[in-house]
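Below are some notes for a colleague opening this model for the first time. They are set out as numbered points and can be read beside the structure.

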Amino acid sequence: MQEKYIDETKQGEAFAIAERPENSKKLFLESYGCQMNFSDSEIVASILNEQGYNTTMKVEEADLILLNTCSIREKAEQTVRMRLAQFKKLKKEKPNMTVGVLGCMAERLKTKFLEEEQLVDLVVGPDAYRDLPNLLKETDDGRDAINVILSKEETYADINPVRLGGNGVTAFVTITRGCDNMCTFCVVPFTRGRERSRDPHSIIEECKDLANNGYKEITLLGQNVDSYLWYGGGPKKDFAKASEMQKATAVNFAQLLDLVAKAVPEMRIRFSTSNPQDMSLDVFRTMAKHDNICKYVHLPVQSGSNNMLEAMNRQHTREEYLELIRKAKEIVPEVAFSQDMIVGFCNETEEDHQDTLSLMKEVEYDYGYMFAYSERPGTPAHKKMEDNIPADVKQRRLAEIIALQGELSRMRMKSYVGRMHKVLIEGTSRKNENQWKGRNSQNAVCVFDKLEGQEIGDIVEVFVYDNTQGTLLGRITE
């Protein structure tokens, strides 16, 4: 599984929500990594809001500091360790402060943080957030607290997440947790456990609630949304043991997408992340049927080489991936794709690298997330394969795919020029306070001059007259 990542060299994102006057304690909550972590942080804030904690953006006034962490790449872990070292110094000045680590690093490093490095008081894995009140009582009594038990059932379906930060217009709705795919380079199945899906009724109710509260766009979220399969609860791997009635009434991702589109027809719907081996053409047929489902799919491929795909245990071939893209474009001609790509995986040859470049040219991605391979402890690749591609070769190959994606992005952005686009206003442009920014159905960012009477959350018709590599330049036409 791969998702959109913030710059791993930067500090994480901290959020604050409206204060409850009756709450007396302060929570500083910082998130790193993928969209799932940010969504999980909203669940954590909701649980602790009920326990007397208001959020704060000022770390020095916090009674509780929590870092929701990422283990996907080494840089992300290094950033968190440096941040924890800062908090350790702060804790000397404020000894009653509690510091905790949540998420994937918590599960992976467990007692190392607590006992060996003594950086934190609290370690909580992705499936144990309900236990936070009990764990905090243990820290209040002067004991270190840990719960990293992975669950086959937990989906937090009954918790209505507090929306942290954001623009009040777009929101994440988690539909699955965990991953069964066991890609050899990936630590997620070990830190987040088995795939399980959330009750569709609770998903639809959350979407309706967001619509009633003024949100205009939702992203259905999971490690692998295409694997969504609700048959009454339990891991997807146990579906074969389900009763005939459960199998007959099961809901898959295409069906869930259809239900959500009908339930909130005025909202735009996106989803992330998809996996080629599980992506059904029915998803694209559903996308074609509903105007409110955005015509964009993030479809990680990781490599264009069959040799590398097999070594990565990706469960799909180059040919199958390209055929899926071809058929998707037949069903939804205006669909756009983005990618995740890893260069320099174990034993990658120059021919393998050229296969990746040629696949990128054939698909013509709008944009992508590209990385040089870094070993993650505990993964099958770390245990059984040699990380044998020199760093300078990795960086050269990475530079080549980034350069190619830049060319493809300019070409794809240019294809949107000279046309009208429906754009959801998400906020003010970072570069010009007199301009709005938003995205079209294909997820391309568009900036355009503000006009009187417009506000965040409006969907407006924008004529795109020019583009840069990653941005559409538009104007409102009378």
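**Notes on the predicted model**

1. The second largest cavity has 13 lining residues, and those nearest its centre are Ile-43, Pro-161, Thr-174, Arg-198 and Glu-206. Two elements, helix H1 (35–49) and strand S8, each give two or more residues to this lining. Please keep in mind that the model is a predicted one.

2. The volume of this second largest cavity is about 90 Å³. Sorted by class, its lining holds 6 nonpolar, 3 polar and 4 charged residues. Over the whole structure, a search finds 5 cavities of 30 Å³ or more.

3. Glu-206, named above as one of the residues nearest the cavity centre, is also one of the buried residues of helix H7. The others buried in H7 are Pro-200, Ser-202, Ile-203, Ile-204, Cys-207 and Leu-210. Which elements do the buried residues of H7 pack against? They are strand S8 (170–174), strand S11 (217–221), strand S12 (229–230), strand S13 (251–252) and helix H9 (253–263).

4. Helix H7 covers residues 200–212, and its 13 residues should span 18 Å at 1.5 Å a residue; the end C-alpha atoms are 18 Å apart, so the model agrees with the expected span. At its N-terminal end H7 is capped by Asp-199, which has a side-chain oxygen 2.9 Å from the backbone nitrogen of His-201. After H7 comes Gly-214, with a positive phi near 90°.

5. Helix H15 can be checked in the same manner. Its 25 residues should span 36 Å at 1.5 Å a residue, and its end C-alpha atoms are 36 Å apart, which agrees. The buried residues of H15 include Val-393, Lys-394, Arg-397, Leu-398, Ile-401, Leu-404 and Leu-408. Among them too are Gln-405, Ser-409, Arg-412 and Met-413. An α-helix has 3.6 residues a turn, so residues three or four places apart point the same way. The buried residues of H15 pack against strand S16 (336–343), helix H13 (350–363), strand S17 (367–372), strand S21 (459–467) and strand S22 (471–476).

6. Within H15 (residues 391–415), Arg-397 merits a separate look. Is Arg-397 buried or exposed? Its relative accessible area is 5%, and under 20% counts as buried, so Arg-397 is buried. The side chains of Arg-397 and Glu-348 make a polar contact of 2.9 Å. Leaving aside residues up to four places away in sequence, Arg-397 touches Val-343, Glu-348, Thr-349, Glu-350, His-353 and Ile-389.

7. A buried residue can also be found in a loop. Thr-56 sits in the loop between strand S3 (53–55) and strand S4 (64–69). With a relative accessible area of 4%, Thr-56 is buried. A polar contact of 2.5 Å links its side chain to that of Glu-61.

8. Turning to the open spaces, the second largest pocket holds about 500 Å³ of space. It is lined by 23 residues, and the closest to its centre are Arg-268, Asp-291, Asn-292, Lys-422 and Ser-441. Which strand gives the most to the lining of this pocket? Strand S18 (residues 420–428) does, with 3 residues. By class, the pocket lining consists of 10 nonpolar, 5 polar and 8 charged residues.

How values were computed. Residues are numbered from 1 along each chain as its sequence is written. This is a predicted model: local features need pLDDT of at least 70, side-chain atom pairs count only at pLDDT 80 or more; totals for chains, interfaces and linings use all residues. Side-chain values use heavy atoms; hydrogens and water are left out. Helices (H or I, at least four residues) and strands (E, at least two) are DSSP runs, numbered from the N terminus. The expected span of a helix is 1.5 Å times one less than its number of residues. Buried means under 20% relative accessible area, exposed over 50%, partly exposed in between (1.4 Å probe, protein chains only). Contact means heavy atoms within 4.5 Å. A polar contact is a pair of N or O atoms within 3.5 Å; within protein, one must be able to donate a hydrogen and the other to accept it, and residues adjacent in sequence count only if both atoms are side-chain atoms. On a 1 Å grid over the protein atoms alone, a cavity is a set of points where a 1.4 Å probe fits but cannot get out, and a pocket is an open set with protein on both sides within 12 Å along at least five of seven lines; lining residues have an atom within 4 Å of a point. Grid points are joined across faces, edges and corners, and a volume is the space filled by probe spheres set on the points. Ala, Val, Leu, Ile, Met, Phe, Trp, Tyr, Cys and Pro count as nonpolar, Asp, Glu, Lys and Arg as charged, and the others, Gly among them, as polar.
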